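Open the model in your viewer and set the display to cartoon, with side chains ready to switch on. The stops below are meant to be followed in order.

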Amino acid sequence: MSFVRSRKLSSMLLFTLLFACLMGVSKGGNFFQDFDITWGDQRAKILNGGQLLTLSLDKASGSGFQSKNEYLFGRIDMQIKLVAGNSAGTVTAYYLSSQGSTHDEIDFEFLGNATGEPYIVHTNVFSQGKGDREQQFYLWFDPTKAFHTYSIVWNQQRIIFLVDNIPIRVFHNLESIGVPFPNKQAMRIHSSLWNADDWATRGGLVKTDWTQAPFTASYRNFKANACIWSPASPCTSTSPNSVQDNAWQVQALDAPGRNRLRWVQQKYMIYNYCTDLKRFPQGLPPECKRSRFL
């Protein structure tokens, strides 16, 4: 009886959060208003009246920023232009994360490479402190030549990773079969540019060429349609109250979206934990039994 009541209370809480989000919506767009520089001294800069942010890395330090707000579900969009030239050894991370040893996290990491070699997009999902759900991709364009939009849709049913609005990965809520899903911890948006030449490029074989420093990544056109969380109010929406802005709350892949996901995963996926039998000799994680294209 107590279990049933607990399930009912949990469902009521999620419904309350969803209803609260429908009462409003939050849009970003100004880095002064929406973000704090968290490390790197003068290597992180907000420019053009708050419309542009740059992160730099040199041999002494990288740099990073985080959102002023914490979010509990939403759609986050950011346009990023990655480090150009010989970016081997560098990592540009863009992710949502809560705090603590049992934190939740939704990751984009862009692993640099030697000039002319492709970037690797590394994705991961942590829930209750456990990750190990990596998928990696090449991109179908040069991400250093222009800005491209990298998006995370996070709702109660699923997490969708998108590049220029093309889905590259979907992680479903499968709590019903015992797979933890991030849905109880509010998360901030984080981004950083840092040296990881012990592992980032060809497993650490290619080191950072510091004669090319400083390395710079640029950000613009941040947008959050999301629930802003605070202790006093679990969900204050960030966007205008419209069907379009609130579509993320039930967003899923339609048939064209599934076709685009299949195209990306067949042509550009280079690693999928769900096919790594050597890594999981006792059996693949339970979520891997679902079709990877759902």
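This tour begins with a sheet and then visits single residues. The model is predicted, so keep that in mind at every stop.

**The sheet**

Start with the strands and colour them in the order β1-β4-β13-β6-β7-β8-β9-β16. These 8 strands make up an open sheet, and their pairing is antiparallel. Next select residues 35-39 and 269-272: these are the edge strands β1 and β16, and each has a pairing partner on one side only. Looking across the sheet, neighbouring strands are turned by 15° against each other on average, direction ignored. In general, strands of a sheet pair through backbone hydrogen bonds, either parallel or antiparallel.

**One strand pair**

Now restrict the view to β6 (residues 90-97) and β13 (residues 188-195). The two strands run antiparallel and are joined by 8 bridges. To find your place in this pair, pick threonine 92; opposite it, in β13, stands leucine 193.

**Asparagine 113**

Move to the loop between β7 (105-111) and β8 (120-126) and select asparagine 113. An unreviewed UniProt entry annotates Asn113 as a "glycosylation site". Is asparagine 113 buried or exposed? In this model asparagine 113 counts as buried, because its relative accessible area is 15%, under the 20% cut-off. Leaving aside neighbours within four places in sequence, show what asparagine 113 contacts: Gly85, Asn86, Ser87, Ala88, Pro118 and Thr201.

**Tryptophan 154**

Go on to strand β10 (residues 148-154) and select tryptophan 154. Tryptophan 154 is buried, with a relative accessible area of 1%. Which residues does tryptophan 154 touch, not counting those up to four places away in sequence? Display Tyr71, Leu72, Phe73, Gly74, Leu96, Ile106, Ile159, Phe181, Pro182, Gln185, Met187 and Trp248. With proline 182 on screen, draw a distance from its backbone oxygen to the side chain of tryptophan 154; the value is 2.8 Å. Then add isoleucine 76, which is 78 residues from tryptophan 154 along the chain, while the C-alpha atoms of the two are separated by 8.5 Å.

**Threonine 144**

Step back to the loop between β9 (135-137) and β10 and select threonine 144. Threonine 144 is buried, at 16% relative accessible area. Its side chain is joined to that of aspartate 142 by a polar contact of 2.7 Å. Leaving aside neighbours within four places in sequence, threonine 144 is in contact with Lys81, Leu82, Val83, Ala84 and Tyr119.

**Backbone details**

The last stops concern backbone geometry. Select alanine 213 and proline 214: the peptide bond between them is cis, with omega near 5°. Proline 214 sits in the loop between β13 and β14 (215-229).

Next, select asparagine 48 in the loop between β2 (44-47) and β3 (52-57). Its phi is near 55°, a positive value in a residue other than glycine. Asparagine 48 counts as exposed, because its relative accessibility is 59% and the cut-off is over 50%.

Finish at aspartate 164, in the loop between β11 (158-163) and β12 (166-172). Here too phi is positive in a residue other than glycine, near 50°. At 31% relative accessibility, aspartate 164 counts as partly exposed.

Technical notes. Residues numbered from 1 in each chain as written. Predicted model: local features only at pLDDT ≥ 70, side-chain atom pairs only at ≥ 80, totals over all residues. Heavy atoms only, no water. Pairing = 2+ DSSP bridges. Helix = DSSP H or I, 4+ residues; strand = E, 2+ residues; numbered from the N terminus. Axes fitted to C-alpha atoms, helices over the stretch in contact; angles between N-to-C directions. UniProt positions renumbered as here; feature names shortened; annotations may be inferred. Buried < 20%, exposed > 50% of the residue type's maximum accessible area, 1.4 Å probe, protein only. Contact = heavy atoms within 4.5 Å. Polar contact = N/O pair within 3.5 Å; in protein donor to acceptor, adjacent residues only side chain to side chain.
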